[in-house]
Amino acid sequence: MRPALVALALVGSVTVVSAAERLPTFPKGTPYGSARSSLIALGWKPVTMPEAQACDEDDDRCKGRPEMESCAGTGLANCNFTWRRGDTLVAIGTIGETNPVVVGVRCRAGC
């Protein structure tokens with residue numbers, strides 16, 4: 001019985017590791033447009049969250065990007081964009097008003 005429990009524990013830990021490996025990563029300073037293209041090529045899908053802010057007509061950070069969840073109007077012009085692949089939901093954080101760059105990837109669910 002004991003070897004079976006050890007085997008079950010190993011299978012569970014492998015699942016957790018492989019889920020964590022599914023998170024996208026980007027080099028520091030990657031433009032969001034490039035990251036977006038990479039995400040699509042890797043099978044990630046943009047997600048429109050029900051509580052997402054509306055994109056202002058003159059805001060190029062989110063124009064044509066249904067995955068925009070929120071963008072700050074002041075400061076570093078931070079934005080969050082939501083993506084899904086399978087059961088994994090992530091938020092991609094950016095900074096920059098005219099040329100936003102990725103500053104982080106945060107797990108929202110399924111990681």
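These legends accompany close-up views of a predicted model of a protein chain.

**View 1. The whole chain, for orientation.** Before zooming in, it helps to meet the overall layout: the protein chain has two helices and five strands. Following the sequence from start to end, these elements come in the order α-α-β-β-β-β-β. Among the contacts with a separation of 6 or more, 39% join residues that are 24 or more positions apart.

**View 2. The largest nonpolar core.** This core has 13 residues, and the members touching the most others are Tyr32, Phe81, Trp83 and Ile92. Helix α2 (32-41) and the strands β2 (68-71), β3 (79-85) and β4 (88-95) each give two or more residues to it.

**View 3. Tyr32 and Phe81, ring against ring.** Here is the one aromatic pair of the structure. The ring centres of Tyr32 and Phe81 are 4.1 Å apart and the planes meet at 20°, so the pair counts as stacked, given that stacking calls for planes under 30 degrees apart. Tyr32 belongs to helix α2 and Phe81 to strand β3, so the pair links parts of the chain that lie 49 residues apart in sequence.

**View 4. The cover over the two rings.** Are Tyr32 and Phe81 buried or exposed? Tyr32 has a relative accessible area of 0% and is buried. Phe81 is buried as well, with a relative accessibility of 0%.

**View 5. The surface of the chain.** Stepping back out, 30% of the 111 residues in the protein chain count as buried. The chain exposes about 7,000 Å², and 59% of that area comes from carbon and sulfur atoms.

Notes
Residues are numbered from 1 along each chain as its sequence is written. This is a predicted model: local features need pLDDT of at least 70, side-chain atom pairs count only at pLDDT 80 or more; totals for chains, interfaces and linings use all residues. Side-chain values use heavy atoms; hydrogens and water are left out. A nonpolar core is a set of buried Ala, Val, Leu, Ile, Met, Phe, Trp, Tyr and Cys residues joined through side-chain atoms within 4.5 Å. Buried means under 20% relative accessible area, exposed over 50%, partly exposed in between (1.4 Å probe, protein chains only). Helices (H or I, at least four residues) and strands (E, at least two) are DSSP runs, numbered from the N terminus. Rings of Phe, Tyr and Trp (its six-membered ring) pair if their centres lie within 6.5 Å; planes under 30 degrees apart count as stacked, over 60 as edge-to-face and the rest as tilted. Contact means heavy atoms within 4.5 Å. Accessible areas come from the Shrake-Rupley method with a 1.4 Å probe; for residues, only the protein chains shown count as cover.
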